[in-house]
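Reader: Could you walk me through how the labels for this model are decided? I would like to see the reasoning behind each one.

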Amino acid sequence: KVPTVYLVNPIHQQGCTIMLVFRKPLIILASIFAPLFLTAQPAASFSTKKPTPTKLPHRRVVLQKISLLLTSLLLSPAKAMSSVPQVPTEASCLDSEKVVVIGANGQVGYKVVKLLHESPRYRPIAMIREAAQASKFEDLGVQYFVGDLDSSSPMVEDLEGAHAVIFAAGAGRSRPPSKKVTIDYLAAVRSVVNAQETQSVKRFILLSGINTDPNGTRRTKDSTDLSGPLSAWHRLKAHSETYLKESHLHGRALDWTILCPSRLVDDPGTGKVKCSLIHGEDDLRNSLTDKEKEAALRVMPGSHDGKNQRLCISRDNTAAILVGLLGRDNTIGKSVTVIDGIIPVVEALSMV
C-alpha cells in the first residue's frame, strides 16, 4: 500500500491545538511519491517506537498508482481530494468565540472560565484584579489581563475582539459599602458602556441577584416594606440592571440577558435548575411544585437576610447557566431568575 503521510505539526498554545497544514497539492504529491523515498510505514500515531522497515513496492506498481490518482484528479478533483487526510486548521480553532469574563477570579467567575475553556465553541479571556491571581489561569492555559474595577477597567481595548462579555464581579458581603458602589454598580455600567464602544461585542450577560429593586428588597410584587439587610445592595444591582436594559438609548444595542440567582451555596452542582421570569423570591416560591421546593429550599438559621429558609442555587449550577445563556437567543432582553431545580440546564433555558 502507498503509505499515508501526515504533513502536520501539532502545537499547543493557550489550550488550543493548532495544526499547521501544508497546501493540499503538496500533500497529494507527497502521498504519491512517498513510496519512492520512504519505507511503507503508516504514520498512525505519535508513538516513539521505531517503525519496522518493510519492502518497498515495485516501481511499476508505484507508477500505476500515480497514473490512477492523476486520472481521478482530472475526472473528479473533489472525490480525489476527499481521500487525503484532513486535520483541524488554525482558522477553525481561532473561529471559537472569545468571551471576556469580568470577575474571573471570583467563586462563580472562575467556574465560568473553566467551563468556557472546556468548550470547543468558546475561548475565555479572564479579567483579574491583580497579577498575583495570574498563576491559576496560566496553569489552565487561559488568556487573561489585569484590571482594577475600582478605577477605569475594563477599557474598550480590553474588550475589543471579544464576541461576548459576562460580568460576574461583585464586592461581596465582607468588603465595605463603598466597594459595592464602585464594583456592583459603577463597574457594571462602565463595562456595558465600553462593550458598546467596541466593534465586536454583541452579547452581554450580567450576573445580578434575586429580589433586586430600585427601592430596596422586593420579595413579592405587592411588597410595601422594601427594607432589609440587603436593601442597599439590591438597589445598586437594580440600577445596574436598569442601565443595561436601557443601554440602547445611550449607544450601540447589545443582546443582553440578566441572570438573577437566588442565595448562592457551595453544594455540588446537579446540572438541574428552575428558570423563571418571576423575580420576587416569595412569589417564585409560591409558584413551585413540591418537588421543585424540595430541590431548592435550604434551612439557614441566622441567615444574613433574616430568613431561616431560602431558595438556593449552587455556584456550579449558576456557572453552567451563565455559559448556557451564550447560546440561547430566546433569553435575549430578559431577566431570568434561577434556582436549583429538577430540569437539566439546557432544557430549562429553552423554556424561558
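Reader: Why is Cys260 counted as buried or exposed?

Author: Happy to start there, with the reminder that this is a predicted model. Buried means under 20% relative accessible area. Cys260 has 0% relative accessibility, so Cys260 counts as buried.

Reader: And what makes Cys275 buried or exposed?

Author: The cut-off is again under 20%. Cys275 has a relative accessible area of 14%, so Cys275 is buried.

Reader: How many disulfides are there, and how do you know?

Author: A pair of cysteine sulfur atoms has to lie within 2.5 Å. By this rule the count is 0 disulfides.

Reader: What surrounds Cys260 in its sheet, and which residue stands opposite?

Author: Cys260 stands opposite Thr337 in β15. Strands β10 (residues 255-261) and β15 (residues 334-340) pair in the parallel sense, over 5 bridges. Two strands pair if there are at least two bridges between them, so β10 and β15 qualify. Helix α9 (residues 231-245) packs on that sheet, touching β7 (203-207), β10 and β15. The direction of α9 makes about 160 degrees with that of β10.

Reader: Why are β11 and β13 called edge strands in the other sheet?

Author: That open sheet has 3 strands in the order β11-β14-β13, with mixed pairing. β11 (263-265) and β13 (297-299) each have a single partner strand, so one side of each is left without a neighbour in the sheet.

Reader: What makes β11 and β14 a pair?

Author: The requirement is at least two bridges, and 3 bridges join β11 to β14 (residues 309-314), so the two strands pair; they run parallel. Leu264 stands opposite Ile313 in β14.

Notes. Residues numbered from 1 in each chain as written. Predicted model: local features only at pLDDT ≥ 70, side-chain atom pairs only at ≥ 80, totals over all residues. Heavy atoms only, no water. Buried < 20%, exposed > 50% of the residue type's maximum accessible area, 1.4 Å probe, protein only. Helix = DSSP H or I, 4+ residues; strand = E, 2+ residues; numbered from the N terminus. Contact = heavy atoms within 4.5 Å. Axes fitted to C-alpha atoms, helices over the stretch in contact; angles between N-to-C directions.
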